[in-house]
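Trainee: Could we go through this one together, one region at a time? I have a few short questions ready.

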Amino acid sequence: MSDPCLPECGVARFLALLNGPWATLIVRELLRGPHRFTELRDALPGISPHTLTSRLRQFETHGIVIRTAYAEIPPRVEYQLTPLGEGLRDVLNAMGTWAEAVPDPEPDPEPETIA
């Protein structure tokens, strides 16, 4: 999402900012502390570098993540949550608590065999 205009409705705004599964999982990883790009990529098997870059840039644009480039050789860049991003901790904890309360589906009964 590259459009900086966000909906006024809080739920719609949240969904616009954290759309798709990768966005929430990136935040989950950053809640553990600052990460380098490769650390995030390795922690999220299946995410493409393009998607990770896009999400991190979106988060930076909206003040959720801060990107710090260190003047070192080789260059080092770290991403960490801003205080606004840290505010997502309670949201993700609530999501996890809710999801754990959802019962697993009952297995399908075994089909009867005719002898």
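Trainee: Apart from its neighbours within four places in sequence, what is Pro-34 in contact with?
Mentor: Leaving those neighbours aside, Pro-34 is in contact with Glu-39, Glu-78, Tyr-79 and Gln-80. Bear in mind as we go that this is a predicted model.

Trainee: And where does Pro-34 lie?
Mentor: Pro-34 lies in the loop between H2 and strand S1, the latter covering residues 35-36. With a relative accessibility of 43%, Pro-34 counts as partly exposed, and its C-alpha atom is separated by 16 Å from that of Arg-55, which is 21 residues apart from it along the chain.

Trainee: Let's switch to H4, then. How many residues does it have, and what does it reach from end to end?
Mentor: Helix H4 takes in residues 49-61, which gives it 13 residues, and from its first C-alpha to its last it reaches 18 Å, close to the 18 Å expected at 1.5 Å a residue.

Trainee: Which residues of H4 are buried?
Mentor: The buried residues in H4 are Leu-52, Arg-55, Leu-56, Gln-58 and Phe-59. Seen down the axis of H4, these buried residues fall within an arc of 160°, so they line one face of the helix. On the other side of H4, His-50, Arg-57 and Thr-61 are exposed.

Trainee: What covers the buried residues of H4?
Mentor: The cover includes three helices, H1 (10-17), H2 (20-30) and H3 (37-43), together with strands S2 (65-70) and S3 (76-81).

Trainee: Take H2 from that list: at what angle do the axes of H2 and H4 cross?
Mentor: The two axes come within 10 Å and cross at roughly 75°, and that makes H2 roughly perpendicular to H4. On the H2 side the contact is made by Trp-22, Ala-23, Ile-26, Val-27 and Leu-30, and on the H4 side by Thr-51, Leu-52, Arg-55, Leu-56 and Phe-59.

Trainee: How do the residues of that contact divide by character?
Mentor: In the contact of H2 with H4, eight residues are nonpolar, one is polar and one is charged.

Trainee: Anything to note just after H4?
Mentor: Yes, Gly-63 comes just after H4 and takes a positive phi of about 75°.

Trainee: Back towards the start of the chain, is Leu-18 buried or exposed?
Mentor: Leu-18 has a relative accessibility of 7%, so it counts as buried, and its place is in the loop between H1 and H2. Leaving aside neighbours within four places in sequence, Leu-18 is in contact with Ala-23, Thr-24, Val-27 and Leu-88. Between Leu-18 and Phe-59, which are 41 residues apart in sequence, the C-alpha to C-alpha separation is 8.8 Å.

Trainee: What about Arg-41, where does it lie?
Mentor: Arg-41 lies in helix H3 and is partly exposed, with a relative accessible area of 32%. Once its neighbours within four places in sequence are left aside, Arg-41 is in contact with Ile-47, Pro-49 and Leu-52, and Leu-52 is also one of the buried residues in H4. Arg-41 and Asp-104 are 63 residues apart in sequence, and in space they are 30 Å apart, C-alpha to C-alpha.

Trainee: Changing topic again, which peptide bond is cis?
Mentor: The peptide bond from Ile-73 to Pro-74 is cis, with omega near -5°, and Pro-74 has its place in the loop between S2 and S3.

Trainee: Last one: is Trp-98 buried or exposed?
Mentor: Trp-98 counts as exposed, at 63% relative accessibility, and its place is in helix H6, residues 88-101. Trp-98 and Ala-23 are 75 residues apart in sequence and 19 Å apart in space, again taken C-alpha to C-alpha.

Key: Residues numbered from 1 in each chain as written. Predicted model: local features only at pLDDT ≥ 70, side-chain atom pairs only at ≥ 80, totals over all residues. Heavy atoms only, no water. Helix = DSSP H or I, 4+ residues; strand = E, 2+ residues; numbered from the N terminus. Expected span 1.5 Å × (residues − 1). Buried < 20%, exposed > 50% of the residue type's maximum accessible area, 1.4 Å probe, protein only. Arc of directions from axis to C-beta. Contact = heavy atoms within 4.5 Å. Axes fitted to C-alpha atoms, helices over the stretch in contact; angles between N-to-C directions. Parallel < 35°, antiparallel > 145°, perpendicular 65-115°, else oblique. Nonpolar A, V, L, I, M, F, W, Y, C, P; charged D, E, K, R; others polar.
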